[in-house]
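Here is a friendly walk through a two-chain model, from the overall fold of each chain to a few single residues. Please keep the structure open beside the text as you read.

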Amino acid sequence: MPRNSIQPAVGPETTALRLPRKRMSKWELYSRRFRRNRPAVAGLVIFAVLVLFALVAPLLARYDHIELDFLNLGEPPSGEHWLGTTSAGNDTFAQVAIGLQRSLMIAVAVSVGTTVISAVVGTAAAYFSGMFERLTLLLIHFLMVVPTFLLLAMFSNSSGGDWRIISLIMILIGWFFPARVIWTMALSLREREYVHAARYMGVPGMKIVLRHMLPNIGSLLVINFTLGVVAAVMTETGLSFLGFGVKIPDVSLGSLIGSGANTITSAPWLFYFPAAALTLLTVSMALVADGLRDALDPTSAAGGRA
Amino acid sequence: MIVVATNLTYFLAWGFLDPRNNYVGRRPPLSEEQVVQLLQPRNLSDTVPLLERWWSWFSAIIFGWDWGVSPVGQSVNDQVAYRMWVSAELVLGATILATVLGIALGVYTASRQYKIADRIGQATSIVTMNINIVVAALGIVLLAIGFNNMVGTTVFFVTGSSSLGVTGFFPIIIDALQHLILPTIALVIIGYAGTHFLQRSLLLDNINADYVRTARAKGLTKAQAIRKHALRTSLIPVATQVAFTIPTVFMGAILTESIFGWNGMGRYFLETIAKNDIHGTVAIAAFGAVLTAIGALLADIAVVVLDPRVRVS
């Protein structure tokens with residue numbers, strides 16, 4: 001029998017004790033708010049399935065993504081090749097799995113990088129103020145005028161298609177816009193009492209930024225991170241589609257769609273499957289971001305009662 | 001800022017692009033002198049010191065508004081002047097349509113908050129906003145080809161901005177529309193959702209305000225009260241956002257233009273990088289920076305027009 005959870009009448013004439021109120025932990029609250037947003041839960045499930053697919057499918061696949069099957073050139077989906085083959089004999093199933101893996105790796109790496117850099121730079125600029133703040137803002141405003149997509153294309157074109165270099169460049173070009181947003185958020189934070197208290201206690205400046213200010217914009221950072229994944233996937237796809245991104249033999253969803261686009265009428269399966277994977281990825285991530293906003297943001301109107 | 005950024009791009013472009021590469025692997029191979037002879041009059045030869053190259057490029061712009069020539073000798077001015085209008089034809093129409101559609105949907109869903117129409121609108125918009133432009137454009141191409149096959153004639157053209165050999169006023173317009181409609185649909189599908197979400201949330205902030213209730217109390221219908229009072233206040237941030245997206249849309253049309261085979265700025269951007277055309281690349285960078293400035297200016301104008309509290313001195 002479960003513990004008695006019904007509160008008996010409490011008053012002067014009874015001896016019943018008030019049962020301790022069950023407190024909800026922070027995570028319980030978050031997860032309950034998140035679960036109430038059903039599209040977000042669906043998004044999370046889809047995203048988990050995609051990640052699982054990217055991890056497991058290469059092990060299940062009968063063919064390697066580089067291996068060429070000269071007996072099946074440009075074949076539609078069959079029992080031998082589950083998602084068909086390209087005109088060169090590549091197995092589309094293996095290619096989509098590896099491409100999804102590569103796109104995810106780039107997206108997560110870029111999003112982690114931009115979130116960390118923008119958070120630290122933005123809050124540090126707000127906290128240290130003065131000369132450092134002015135220089136940072138000057139740099140940010142300057143970078144906003146610079147045609148970033150052009151730089152991105154030029155850099156990654158000369159990088160030879162190594163996905164690590166591409167992610168690094170995308171981080172370097174993507175950090176400043178969120179940094180500006182975070183700076184505005186952190187401006188009000190630096191006037192808070194606990195920041196003053198920490199400062200007068202002699203806590204070193206960088207430690208205040210990392211331990212006292214950053215946790216207070218944590219929810220914003222989590223949301224920024226998920227939206228950053230979507231943006232990075234989009235940028236990477238665009239680059240690879242145009243041929244500036246990941247290069248053969250490495251594949252990403254963008255380069256797969258790019259090569260599928262040329263044969264869109266004669267071999268549409270080369271386009272359908274990577275395009276479906278890409279759409280599911282971005283839409284599911286956007287739904288998750290939406291749910292996280294409801295769950296984490298205390299000012300969100302969509303939250304309703306806990 | 002624009003001038004500094006453009007000059008910086010010039011030096012960066014020299015760091016990554018080398019016009020000399022265009023002559024590698026030529027049959028018959030060109031000798032060193034021949035390459036220099038081809039490049040030197042175009043101010044693209046790396047035998048001249050970089051600062052000297054920069055100065056002759058920069059002074060030509062300042063004194064003669066001459067943005068230089070490509071490695072094969074085409075004038076950058078001509079190229080940009082022609083391609084700008086091809087892009088504008090596509091981008092302006094798409095931006096206007098997306099904005100109008102976004103605002104209309106925003107107003108419609110906001111006045112029916114949490115009803116079935118609002119839910120459906122929200123769900124559709126979140127999906128379309130996150131479909132990649134490449135997927136959307138190619139999907140539309142597939143649909144259009146299917147439609148053409150079903151009807152039996154070519155109703156929609158999937159490549160190019162106009163056909164050759166069409167004469168007469170109305171045939172030209174119809175031909176242009178046949179080419180224009182697909183890329184415009186692709187851009188609108190991607191673009192409208194942002195405006196929709198912003199307009200919806202802003203209007204919801206205003207719809208329960210006191211002055212809207214006053215307007216209702218004075219006898220206006222709900223639709224009139226929203227249109228004349230609540231909408232006007234909530235349009236201001238939307239206008240600002242739309243004005244700032246103009247450069248993004250122009251550059252975002254890179255993918256659309258390359259899929260639909262339009263010879264606009266986006267295509268030009270790809271060609272200049274592929275052909276090591278430094279002057280063209282820098283001109284595009286400057287064009288983008290100017291568009292950003294124009295966007296900021298338009299945003300200010302929109303605020304002045306819409307917000308009676310802002311006075312122009």
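Along its sequence, chain A reads α-α-α-α-α-α-α-α-α-α-α-α, a total of 12 helices and 0 strands. Helices here are DSSP runs of H or I with at least four residues, strands are E runs of at least two, and both are numbered from the N terminus. Chain B follows the pattern α-α-α-α-α-α-α-α-α-α-α, with 11 helices and 0 strands.

A word on the ground rules: this is a predicted model, in which local features need pLDDT of at least 70 and side-chain atom pairs count only at pLDDT 80 or more, while totals for chains, interfaces and linings use all residues. Residues are numbered from 1 along each chain as its sequence is written, chains are lettered from A and ligands numbered from 1 in the order in which they are written, and side-chain values use heavy atoms, with hydrogens and water left out.

**Overall shape and surface**

The C-alpha trace of chain A spans about 90 × 65 × 30 Å along its principal axes. Its radius of gyration is 25 Å, against near 19 Å for a compact globule of 306 residues. That radius is taken over C-alpha atoms, and the globule rule is 2.2 Å times the number of residues to the power 0.38. For chain B, the C-alpha atoms fill a box of roughly 85 × 60 × 40 Å along the principal axes. Chain B has a radius of gyration of 25 Å, where a compact globule of 313 residues would have one near 20 Å.

The table sets out some values for each chain. Buried means under 20% relative accessible area, exposed over 50%, and partly exposed in between (1.4 Å probe, protein chains only). Accessible areas come from the Shrake-Rupley method with a 1.4 Å probe, and for residues only the protein chains shown count as cover. A contact means heavy atoms within 4.5 Å.

| Chain | Buried residues | Contacts from residues 24 or more positions apart, among those with a separation of 6 or more | Exposed area |
|---|---|---|---|
| Chain A | 47% of 306 residues | 67% of contacts | about 15,800 Å² |
| Chain B | 46% of 313 residues | 72% of contacts | about 16,000 Å² |

Carbon and sulfur atoms supply 66% of the exposed area of chain A and 67% of that of chain B.

**Charges**

Chain A carries 24 positive and 17 negative charges, whose mean positions are 17 Å apart. Lys and Arg count as positive and Asp and Glu as negative, with His and the chain ends not counted; each charge is placed at NZ of Lys, CZ of Arg, CG of Asp or CD of Glu. In chain B, the centres of the 21 positive and 17 negative side chains lie 18 Å apart.

**Three residues to look at**

B:N7 sits in helix α1 (residues 2-16) of chain B. It counts as buried because its relative accessibility is 12%. Its side chain makes a polar contact of 2.9 Å with that of B:W54. Such a contact is a pair of N or O atoms within 3.5 Å; within protein, one must be able to donate a hydrogen and the other to accept it, and residues adjacent in sequence count only if both atoms are side-chain atoms. Beyond its neighbours within four places in sequence, B:N7 touches B:W54, B:W57 and B:F58.

A:S167 belongs to helix α6 (residues 163-174) of chain A. With a relative accessible area of 4%, A:S167 is buried. Leaving aside neighbours within four places in sequence, A:S167 is in contact with A:I106, A:A109 and A:V110.

A:A276 lies in helix α12 (residues 269-296) of chain A and is partly exposed at 38% relative accessible area. Its C-alpha atom is separated by 22 Å from that of A:I66, 210 residues apart along the chain.
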